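Trainee: I am new to this structure and would like a close look at one part of it, the salt bridges and the residues that form them. Could you take me through them slowly and then place them in the whole?

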Amino acid sequence: MKDGIFYMNRAIELAQNGIGKVSPNPLVGAVIVKNDAIIGEGWHEKFGEAHAEVNAIRNAKIFDFTDCTIFVNLEPCAHKGKTAACVDAIIMGKFKKVVIGMQDPNLLVSGKGIAKLQKAGIEVEIGVLEAECQELNKSFIKYITTLTPYVMIKIAQTLDGFIATNRGSSKWITSEESRKLVHQFRAEYDAILVGSGTVQADNPSLTVRDVEGRQPFRIILDNKLTLPLTIKLFNDEFKANTIVVCEKSLVKTQKAENLRLGLIKVIGVKLNSEGNLDLKETLEILAKDYNIASIMVEGGSKIYSSFLKEQLFDEIKIFVAPKLFGNGMNSFSELNIASVKDAKELKFSKTETIGEDILITAIKI
């Protein structure tokens, strides 16, 4: 006989099918079980469309679930948004029991779905594989509780810590396998963020290639609007996905208007005490105005350093190639830590081999 952990693992597995398709909604999978057999499965497939529980009920092709248990990794919603409330579908189906991985972290709705199910006489169990369910929806949790995106910093560097040579050469430090994985990350995150220096040096496309997936927003921090209108990001087929963040006083200039005429979005924010764009305000606007729940920061060194200084990141993924430069551009050249006690401390989360490289994941503590 299979236990609840088995079925919740299956719900998590199903939920992952929605990666890159449902944000800013959470990833949710549902499994309907009767007499120790799965009779229906579903997941939230696309933002604005039916939720996992409803899809599982439809796929079961029966109408009376009196002796059934439904396993779902996130508390079913009790409010009507773009779709009907999932708890209503469960109650209408006369389910015997609902097993929930974790409560909805949205403080406005948390616990309401559970309470409505219990009021209807349905048995509810909460907290099965809770840590795994939280990890699955870490971006959603950050977004819905802080109204700012989950931020992952991605770095490709040599064994001695350089992201480019002294002459700015950086293609390619890491292996083909690592670069393909980065494209997978791009498809999974809502947006990619880079500084104007990276764009000037590399004129990148910042698109998803070599893997299937949606094209993310491309965010450029360009406080003085110095980038020429001829760069790839302003002229390719995905230019409407490009957002330029500049000093607030420049949003009404002719340069900003020319960008908008070219379908580029322009955001103005205040400058911080160091004369750089205020990253906190930037993240808040991106979440509020564009529903961006997750961002991958792709460079360069100054941008990496700024996110670390201000503690505005959640995790760092560093691809380390078995190469040595001896000198060059350091990954965090702007940190300028003078004492060991002042070092930015993180916690290692995972280490894996990707092609010839090592991928190290560390999280903020």
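Mentor: Let us start with Lys248, which has a relative accessible area of 46% and is therefore partly exposed, bearing in mind throughout that this is a predicted model. Lys248 forms a salt bridge with Glu281, and the closest N and O atoms of the two are 3.5 Å apart. Because Lys248 lies in the loop between strand E10 (242-247) and helix H9 (254-261), while Glu281 belongs to helix H10 (residues 279-290), the pair ties together parts that are 33 residues apart in sequence. The partner is covered to another degree: Glu281 has 12% relative accessibility and counts as buried, since the cut-off for buried is under 20%.

Helix H10 also holds a pair of its own, for Glu284 and Lys280 both lie there, four residues apart, which is about one turn of the helix. Their side chains meet in a salt bridge at 2.6 Å, N to O. Glu284, with a relative accessible area of 33%, is partly exposed, and Lys280, at 46% relative accessibility, counts as partly exposed as well. Elsewhere, salt bridges that share partners join Glu135, Lys138, Glu315 and Lys317 into one network.

Within that network, Lys138 forms a salt bridge with Glu315, with 2.8 Å between the closest N and O atoms. This pair links distant parts of the chain, as Lys138 is in helix H6 (residues 138-146) and Glu315 in strand E13 (residues 315-321), 177 residues apart. Lys138 counts as partly exposed at 26% relative accessibility, whereas Glu315, with a relative accessible area of 2%, is buried.

To set these pairs in their surroundings, the structure holds 21 salt bridges, and the protein has 46 positive and 45 negative side chains, the centres of the two sets lying 5 Å apart. The secondary structure comes to eleven helices and 16 strands, and of the 365 residues, 49% are buried. Among contacts with a separation of 6 or more, 70% are between residues 24 or more positions apart. As for overall form, a compact globule of 365 residues would have a radius of gyration near 21 Å, and the protein, with 23 Å, agrees with this; its C-alpha atoms fill a box of roughly 70 × 45 × 40 Å along the principal axes.

Conventions:
Residues are numbered from 1 along each chain as its sequence is written. This is a predicted model: local features need pLDDT of at least 70, side-chain atom pairs count only at pLDDT 80 or more; totals for chains, interfaces and linings use all residues. Side-chain values use heavy atoms; hydrogens and water are left out. Helices (H or I, at least four residues) and strands (E, at least two) are DSSP runs, numbered from the N terminus. The radius of gyration is taken over C-alpha atoms; the globule rule is 2.2 Å times the number of residues to the power 0.38. Buried means under 20% relative accessible area, exposed over 50%, partly exposed in between (1.4 Å probe, protein chains only). Contact means heavy atoms within 4.5 Å. Lys and Arg count as positive and Asp and Glu as negative; His and the chain ends are not counted. The place of a charge is taken as NZ of Lys, CZ of Arg, CG of Asp or CD of Glu. A salt bridge is a side-chain nitrogen of Lys or Arg within 4 Å of a carboxyl oxygen of Asp or Glu.
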